[in-house]
Every structure is written in structure tokens, then in C-alpha cells.
Amino acid sequence: MLQQTQVKTVIPYFKKFTRKYKTLESLSKANETQILKMWEGLGYYRRARNLLASVKLLVKELNSNLPNTLKEIKKLPGVGDYTANALMGFIHNYPTIALDGNVKRVFTRYLNKKESKIDFDQLIDSNKKNLFITNRNSDFVEALMEFGALICKPKDPKCSQCCLNKSCSYFKSSNKIKDNKRKKIKVMNYNIFCYVSKKKQIALTKENEIKFLKNFNLPLIKEVENNSVDKNWKFLKNYKNSISNLSLNINLYYKFSNKIPKSYNWYSLEKNKEFIPSFTKRIFNQVSSLF
Ligand code: SF4
């Protein structure tokens with residue numbers, strides 16, 4: 001849940017989720033629709049799908065035990081280097097480092113070297129004796145991440161309070177490395193066409209070509225070079241929607257209609273039992289202004 005998402009946003013979701021699913025077994029019996037409904041509003045829904053797929057696999061094939069090698073853990077859906085190392089540390093107390101953005105920043109600053117100039121695997125491997133000096137490996141994994149988030153922060157690191165400042169090259173250097181540039185934002189233009197009924201309903205389909213919202217319910221959506229006007233539909237609004245490093249420039253169109261194409265179904269603009277992604281909910285809000 002915490003990937004790409006702030007702790008304060010996650011807390012209510014985490015509490016609700018762990019109240020409902022107290023064990024791996026209970027979670028493994030859930031279906032995707034139930035999990036997505038609980039995840040509604042948190043975004044990055046692939047995480048929820050991967051979590052469920054991993055838990056089902058763990059329960060059915062591995063007797064609810066997490067594998068104890070990095071290679072085996074990485075076979076779980078959605079688990080890459082970072083998550084595998086974090087799990088090896090947290091669950092198996094394995095001496096390792098989970099290299100998230102915070103931890104990488106600590107290393108780059110401490111060495112006063114650009115991230116692109118550091119081979120992190122090699123660095124960790126050749127400094128094992130200095131890095132893994134505790135039996136509390138699980139705490140060490142967490143501590144490094146927290147250190148990056150709270151002390152060696154992206155902006156204004158707390159160098160004067162830092163326990164590493166005597167040996168930190170960044171602190172001592174008069175020629176400090178510049179922090180990594182933010183990811184480039186890619187702007188994309190979309191036209192979205194909504195069939196709307198007088199009963200405050202909107203027609204949605206799962207058949208859309210948008211990669212980051214694959215298999216989710218959406219109105220008709222088309223990527224366009226620039227948001228040209230479409231005369232067969234009524235223009236409602238232009239708005240921006242950001243998803244990860246994408247900035248979506250959206251022109252929203254509508255038409256009142258009782259007839260909808262085959263793959264579409266009607267959904268209430270107010271309340272739905274079914275999971276509706278935040279992207280679609282935003283469209284609901286705009287279309288609701290018609291009533
Ligand atoms: S001294 Fe400053 S730059 Fe160096 S590790 Fe500590 S907080 Fe980061």
C-alpha cells in the first residue's frame with residue numbers, strides 16, 4: 001500500500017484491510033472485486049491484484065510460508081528486488097538492504113556521488129562487514145529507510161543532528177552533489193465520451209485500450225494528439241488528472257442516451273457496490289454537474 005503513497009493516506013486503508021483480513025488464509029479466500037473495493041481511492045490497483053495473487057499462491061502452494069531465498073520470493077507476482085529484500089529482512093531477519101529512493105539518497109549523499117555513478121549491489125557487497133554489524137537485521141532494514149525519510153530528507157537534510165555527519169562526504173564537502181532531478185512528467189491528451197441517462201447513470205465498459213487502467217470500468221476513452229473538438233458529442237469540461245509521472249489533459253464529452261453499445265453497462269453516478277477506480281470517480285463528479 002505504501003508504494004508511491006504517503007503514510008497518512010494509507011493508514012485508514014491499512015486498518016480497514018487488516019481488520020477484515022486477519023490472516024493470509026482469510027485473504028486468500030477473497031476475490032479480486034472484494035479487494036479492489038477495499039482499495040478504492042488508493043490508486044495503483046496493480047498492487048492490490050498482485051497482493052491477492054501472491055497470497056493465493058503462498059497459501060495454496062507454499063503452506064502459507066514465505067520462501068527464504070531472494071530468488072524464490074521474486075517469483076511472487078509483483079515482487080521485485082526492493083520488495084524481496086524488504087521481505088527477507090523483515091520476515092527472515094536476513095542481513096540486507098531494501099534500496100528504495102530514501103536509502104539510495106542516503107548512500108549518494110554519504111559518498112557525495114551521483115546515483116548513476118554508484119553500483120549499489122557492488123557497494124553493499126564489498127561493505128558487508130561494516131554494514132551488517134547487528135543481529136537485528138529486520139530493524140536495520142526499516143531504520144535505513146526511516147533515516148532517509150526523516151533525517152537525510154530529500155529537502156533540507158538534518159545534517160547538524162545526524163550521527164553520520166563526521167564521516168559524511170556531502171556534509172563535509174564544499175562541492176555538494178545536486179539532488180536527483182524529479183522524474184520527467186509526460187503530458188498525454190485524452191478525449192472521454194460519456195453516455196449519460198436521465199436516471200443519473202453513466203455507461204461504462206471494461207473494453208478500453210488504456211494500459212494503466214486495463215480491465216477497469218471506464219467510459220469510451222481515446223488518446224488523441226491534441227484535444228480537438230468532437231462535434232458528435234457535447235463538450236462538458238477540460239481538466240487535468242495526474243497518474244504517477246503522467247499528466248493527463250482530458251476533454252470530457254457527453255450525450256444523453258438510452259441506448260448504449262454492447263460491452264457497456266449502466267452505473268449510478270452516486271453509489272455503486274462494484275469497485276470504481278479514482279480516475280472514473282473523478283469523471284462521475286464532473287458528469288454529476290449535469291443534474
Ligand atoms: S550528514 Fe546530512 S547528508 Fe550526510 S548522511 Fe547525515 S543527513 Fe545525510
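**Three domains, a ligand shell and a packed helix**

In this predicted model, 7 residues of domain 1 contact 5 residues of domain 3. On the domain 1 side, the touching residues divide into 2 nonpolar, 3 polar and 2 charged. The centres of domain 1 and domain 3, taken over C-alpha atoms, are separated by 30 Å. The full division of the protein chain is domain 1 (7-92), domain 2 (101-172) and domain 3 (186-288).

Now the overall frame. The protein chain holds 12 helices and 6 strands. Its C-alpha atoms fill a box of roughly 70 × 50 × 30 Å along the principal axes. The chain has 291 residues, and 19% of them count as buried. Consider contacts in the protein chain with a separation of 6 or more: 62% of them come from residues 24 or more positions apart.

Next, the ligand. It is surrounded by 14 residues. The closest are C152, P157, C159, C162 and C168. Which helices each supply at least two residues of the shell? They are α7 (101-111) and α11 (169-172). Helix α7 gives the most, with 3 residues. By class, the shell around the ligand has 11 nonpolar, 1 polar and 2 charged residues.

M145 sits in helix α10, which covers residues 137-150. Is M145 buried or exposed? The cut-off for a buried residue is 20 or more other C-beta atoms within 10 Å. M145 has 20 such atoms within 10 Å, so M145 is buried. Leaving out residues up to four places away in sequence, M145 touches A98, D100, N102 and V103. L70 is 75 residues from M145 along the chain, and the C-alpha atoms of the two are separated by 19 Å.

Move on to the strands. β1 and β2 pair in the antiparallel sense, over 2 bridges. One pairing to look at is V196 with I202, its bridge partner in β2. The hairpin of β1 and β2 has 3 residues between the strands. In this hairpin, K200 takes a positive phi near 60°. β2 is also joined to β6 (residues 265-268). That pair runs antiparallel too, with 4 bridges. Here Q201 has S268 as its bridge partner in β6.

Then comes helix α12, residues 278-288. Its buried residues are F279, T280, I283 and V287. Seen down the axis of α12, these buried residues fall within an arc of 95°, so they line one face of the helix. The general geometry fits this kind of pattern: an α-helix has 3.6 residues a turn, so residues three or four places apart point the same way. What do the buried residues of α12 pack against? Four strands: β1 (186-197), β2 (201-204), β4 (234-243) and β5 (246-256).

Y239 gives a closer view of β4, the strand in which it lies. Y239 has 15 C-beta neighbours inside 10 Å, so Y239 counts as partly exposed. Not counting residues up to four places away in sequence, Y239 touches I250 and Q286. Compare the position of I283, one of the buried residues of α12. Y239 and I283 are 44 residues apart in sequence, yet 9.9 Å apart in space, C-alpha to C-alpha.

Notes: Residues numbered from 1 in each chain as written. Predicted model: local features only at pLDDT ≥ 70, side-chain atom pairs only at ≥ 80, totals over all residues. Buried ≥ 20, exposed ≤ 12 C-beta atoms within 10 Å, placed from the backbone. Contact = placed C-beta atoms within 7 Å. Near = placed C-beta within 6 Å. Nonpolar A, V, L, I, M, F, W, Y, C, P; charged D, E, K, R; others polar. Arc of directions from axis to C-beta. Domains from an automatic or database assignment. Pairing = 2+ DSSP bridges.
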